[in-house]
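Trainee: I would like to learn how to read a fold, feature by feature. Where do we begin?

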Amino acid sequence: MKMLLLIPLLTGFTSVGAIAADGFRKSPPAAPYQQVSKLVKLPDFLPGMGQLFVDPTTLPAGPFLAYDHDGKLVSTIYMLPMRDLNPDKSFDNLAAPGGNVDHVDVHYNAGHPGVEEPHVHVVLWHVAADGEAGVAK
């Protein structure tokens, strides 16, 4: 039931695409974004996600900017707390700083350093599915 609440949210991402700023396309992104591994106890590069940057004032939801090993932006990730996925809360106008969104993945996460509570990763991929290999390892 709660996952059904994400359907309207996900359908709006493809219309957000053209707002990318060049300051986000290569690592490191412009301020106020900071490297997540310098804010919490996480590795510099997370297999399957990449090297993450976030504006600390937007925690826990983000957006988190994810870069591949070459420093190219591959996705924008939102970490939405499960407790906030209810009829009383909405996540409207989520930006995709990386520009056009090729596809969207949604994954449950039980929690990790930085976002300890159960949450959902909403991954806005700026690359085609085969481009995800750049963050696989």
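**Reading the model**

Mentor: Start with empty space inside. About 80 Å³ lies in the largest cavity. Keep in mind that this is a predicted model.

Trainee: How is such a space found, and how many cavities of 30 Å³ or more are there?

Mentor: Rolling a probe the size of a water molecule over the atoms shows where empty space is left. Here the count is one cavity of 30 Å³ or more.

Trainee: Which residues lie nearest the centre of the largest cavity?

Mentor: Val 36, Val 40, Leu 59, Phe 64 and Gly 114 do, out of 13 lining residues. By character, the lining has eleven nonpolar residues, two polar and no charged.

Trainee: Now the overall layout. What elements does the protein have?

Mentor: The protein has one helix and six strands. From the N terminus they run α-β-β-β-β-β-β.

Trainee: How do I read a sheet, and what is the strand order here?

Mentor: Strands of a sheet pair through backbone hydrogen bonds, either parallel or antiparallel. In this model, six strands form an open sheet in the order 1-2-3-4-6-5, and the pairing is antiparallel. Strand 1 (34–35) and strand 5 (103–109) are the edge strands, each pairing on one side only.

Trainee: Take one pair. How many bridges join strand 3 to strand 4?

Mentor: Four bridges join strand 3 (residues 64–67) to strand 4 (residues 73–81), and the two run antiparallel. For the register, look at Leu 65: Thr 76 of strand 4 stands opposite.

Trainee: Next, the core. What is the general idea, and which residues have the most contacts inside the largest nonpolar core?

Mentor: In soluble globular proteins, nonpolar side chains tend to be buried together. The largest nonpolar core here has 17 residues, and Leu 52, Phe 64, Ile 77 and Met 79 have the most contacts inside it. Strand 2 (51–54), strand 3, strand 4 and strand 6 each supply at least two residues of this core. Strand 4 gives the largest share, three residues.

Trainee: Phe 64 has come up before, I think.

Mentor: Yes. Phe 64 is among the residues nearest the centre of the largest cavity, and Phe 64 is also among those with the most contacts inside the core.

Trainee: Is Leu 80 buried or exposed?

Mentor: Leu 80 lies in strand 4. Its relative accessible area is 0%, so Leu 80 is buried. For the whole protein, 45% of the 137 residues count as buried.

Trainee: What about charged pairs? How many salt bridges are there?

Mentor: The count comes to two salt bridges. In one, Arg 83 pairs with Asp 84, with the closest N and O atoms 3.1 Å apart. In the other, Arg 83 pairs with Glu 117, with the closest N and O atoms 2.7 Å apart. This second pair ties together parts that are 34 residues apart in sequence, because Arg 83 lies in the loop between strand 4 and strand 5, and Glu 117 in the loop between strand 5 and strand 6 (119–125).

Trainee: How do the partners read together, and how accessible is each?

Mentor: Arg 83, Asp 84 and Glu 117 are linked in a network of salt bridges. Arg 83 has 55% relative accessibility, so it counts as exposed. Asp 84 is buried at 14%. Glu 117 is partly exposed at 26%.

Trainee: How far apart are Leu 80 and Glu 117 in space?

Mentor: They are 9.8 Å apart, C-alpha to C-alpha, and 37 residues apart in sequence.

Trainee: Last, backbone geometry. What should I expect as a baseline?

Mentor: Most residues other than glycine have a negative phi, and most peptide bonds are trans. Now look for departures.

Trainee: Which peptide bonds are cis, then?

Mentor: One is the bond from Ser 27 to Pro 28, with omega near -5 degrees. Pro 28 sits in the loop between helix 1 (6–11) and strand 1. Another cis bond joins Leu 59 and Pro 60, with omega about 5 degrees. Pro 60 is in the loop between strand 2 and strand 3. Leu 59 is also among the residues nearest the centre of the largest cavity.

Trainee: And what is the phi of Asn 93?

Mentor: It is near 55 degrees, a positive value in a residue other than glycine. Asn 93 lies in the loop between strand 4 and strand 5. With a relative accessible area of 79%, Asn 93 is exposed.

Terms used: Residues are numbered from 1 along each chain as its sequence is written. This is a predicted model: local features need pLDDT of at least 70, side-chain atom pairs count only at pLDDT 80 or more; totals for chains, interfaces and linings use all residues. Side-chain values use heavy atoms; hydrogens and water are left out. On a 1 Å grid over the protein atoms alone, a cavity is a set of points where a 1.4 Å probe fits but cannot get out, and a pocket is an open set with protein on both sides within 12 Å along at least five of seven lines; lining residues have an atom within 4 Å of a point. Grid points are joined across faces, edges and corners, and a volume is the space filled by probe spheres set on the points. Ala, Val, Leu, Ile, Met, Phe, Trp, Tyr, Cys and Pro count as nonpolar, Asp, Glu, Lys and Arg as charged, and the others, Gly among them, as polar. Two strands pair if DSSP finds at least two bridges between them. A salt bridge is a side-chain nitrogen of Lys or Arg within 4 Å of a carboxyl oxygen of Asp or Glu. Buried means under 20% relative accessible area, exposed over 50%, partly exposed in between (1.4 Å probe, protein chains only). A nonpolar core is a set of buried Ala, Val, Leu, Ile, Met, Phe, Trp, Tyr and Cys residues joined through side-chain atoms within 4.5 Å.
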